[in-house]
Structure formats: structure tokens, C-alpha cells
Amino acid sequence: MSIGQTSTQLALRDPEVRLMQRVREDDAGAFEELVERYQQRLVGILQHLVGDAEEAEDLAQEVFLRVYRSRKKYHGKAKFSTWLFTIANNLAMNSLRSKRRKPVVPLNLRDSGPLGPRPAEQLVKDRAGQPMHHLQQEELALVVQQALTGLNERQRMAVVLNKFEDLGYAEIADVMGLTAKAVKSLLCRARDNLRIALQEYIGMEGQPPPKSADQEDEP
């Protein structure tokens, strides 16, 4: 399939691809609309990853700057959001590696993606299959924040894209430069690690203990 055919087909399905095609033709209004659509979501993702609101804002601006600079080379071979999140992932990982620090993952500062206003509670319900016990909302956010902080960078990115942006294995694989099988493995290990970190707070009666991360091979 040619690039032209791919772009045309994607443009029919993805309105952001159509907008980016207009950006490629130097339509300033189209670029402003893309920024408006994605800025809050992008800052939310980056803040989950780097743990600092101001840095997340700066990185988001850099992402959009790179999008604009690359506009003439854009061919729409993937969904616009996949391309955007790929740039964001690369910038966030570079920032974390350069600082050699483990980020904090604030969950209560900004809504992101399709989960609505309480992603911490939803994440635990979805991943553990049981409701949280004996915790108020603020305590719950702190507990889950600490659990997510314990994940490695790749697991955290996979969880953020899967749970907060509702991306599937194939889309996450495109963003992170992995195979869909590797993404599935990352999310499985992240789920196991979250269960271990949260086992004190989650009803786990009658379930076997989960494997730890070092019991499985990295993809």
C-alpha cells in the first residue's frame, strides 16, 4: 500500500490526521486546533511520567514544537495520537535518563484520557479485580501513586497509555517501539507489581500470590 493511499484512508478515519495534513500546508488555525485538543492530555501523560508539573508543561511545548517543525515530512502513516505520544515518550525517557531519577506519579492533579476524574480508583479496580478497602479518597490516591512510582519507566508508560489514554497493545507497541507481545508482557508485570504493592489494601482472598517482576524475563 502506498503512502498516499495510507494517508487518504487514515484521514477518512482520523480527523486529527486531516488536521495535521492542513498543518503540513501551513494552516496555522489547524495547528492551533491540534494544540487545543491535545495539550491537557499531553501534559497529563508527561506529568505522570516525569513527576513535575512545570517540566511536563515544558516537555509538552517541546512536543508541539517538534510536531510543527516536522510538518513538511508528515505522511500520516499512523494515527496522529500515536505519532504524538511517540514523540512525548521519547522526550520523557530522555529527560528521565538525563536526570537519573525515579519520578513520582501524581494522580490527583489533572484528569487525562477516558477514565474521568478518579483514575487512581479505576486503575486499581480494573487491575486488581477488587475494590479498595478502608481507604478514603485522598489516602487511596496516595497509595496508588506510591505503587505506580515503584514501576519501572517502561511499565509506567505502558500503564499510562493503556489506562489513561485507552490505547491497545498494538498502538502502545508503536509508541514505545516494542512488539505487541512485549507490551502485553509489560502490562502483565505491571499488574503483578501493583498487586504486590497494594496487597495490604485489596481483597485478595483465595487467590495465589502473584509472580514478582524478577520471575519473568524482560521483553
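The following exercises, each with a worked solution, concern the structure shown above.

The model is predicted: local features require pLDDT of at least 70, side-chain atom pairs count only at pLDDT 80 or more, and totals for chains, interfaces and linings use all residues. Residues are numbered from 1 along each chain as its sequence is written, and side-chain values use heavy atoms, with hydrogens and water left out.

**Exercise 1. The nonpolar core**

Task: Determine how many residues the largest nonpolar core has and which helices supply at least two of them.

Solution.
- Step 1. A nonpolar core is a set of buried Ala, Val, Leu, Ile, Met, Phe, Trp, Tyr and Cys residues joined through side-chain atoms within 4.5 Å. Buried means under 20% relative accessible area, exposed over 50%, and partly exposed in between (1.4 Å probe, protein chains only).
- Step 2. The largest such core has 53 residues, and Leu42, Phe80, Leu84 and Phe85 have the most contacts inside it.
- Step 3. At least two core residues come from each of H2 (15-24), H3 (28-50), H4 (53-69), H5, H7 (137-149), H8 (153-164), H9 (169-176) and H10 (180-198). Helices here are DSSP runs (H or I, at least four residues), numbered from the N terminus.
- Step 4. H3 gives the largest share, eleven residues.
- Step 5. Contact means heavy atoms within 4.5 Å. Apart from neighbours within four places in sequence, Leu42 contacts Ala60, Val63, Phe64, Leu84, Phe85 and Ala88.
- Step 6. In soluble globular proteins, nonpolar side chains tend to be buried together.

**Exercise 2. Asn89**

Task: State where Asn89 lies, and whether Asn89 is buried or exposed.

Solution.
- Step 1. Asn89 belongs to helix H5 (residues 80-99).
- Step 2. With a relative accessible area of 6%, Asn89 is buried.
- Step 3. Not counting residues up to four places away in sequence, Asn89 touches Met157, Val175 and Met176.

**Exercise 3. Salt bridges of Asp26 and Arg66**

Task: Identify the parts of the chain that the salt bridge between Arg71 and Asp26 ties together.

Solution.
- Step 1. A salt bridge is a side-chain nitrogen of Lys or Arg within 4 Å of a carboxyl oxygen of Asp or Glu; the structure holds ten of them.
- Step 2. Arg71 and Asp26 form one, at 2.8 Å from N to O. Arg71 lies in the loop between H4 and H5 and Asp26 in the loop between H2 and H3, so the pair ties together parts 45 residues apart in sequence.
- Step 3. Asp26 also forms a salt bridge with Lys72, the closest N and O atoms being 3.0 Å apart. Lys72 lies in the loop between H4 and H5, so this pair ties together parts 46 residues apart in sequence.
- Step 4. Arg71 is buried at 16% relative accessible area, whereas Asp26 is partly exposed at 44% and Lys72 is partly exposed at 48%.
- Step 5. Within helix H4, Arg66 and Glu62 are four residues apart, about one turn of the helix, and form a salt bridge with closest N and O atoms 3.0 Å apart.

**Exercise 4. Helix H8**

Task: Compare the span of H8 with the expected value and establish how many of its residues are buried.

Solution.
- Step 1. The expected span of a helix is 1.5 Å times one less than its number of residues.
- Step 2. The twelve residues of H8 should span 16 Å, and its end C-alpha atoms are 16 Å apart, which agrees.
- Step 3. Ten of the twelve residues are buried, so H8 is largely enclosed by the rest of the structure. Among them are Arg156, Met157 and Lys163.
- Step 4. H8 is followed by Asp166, whose phi is positive, near 60°.
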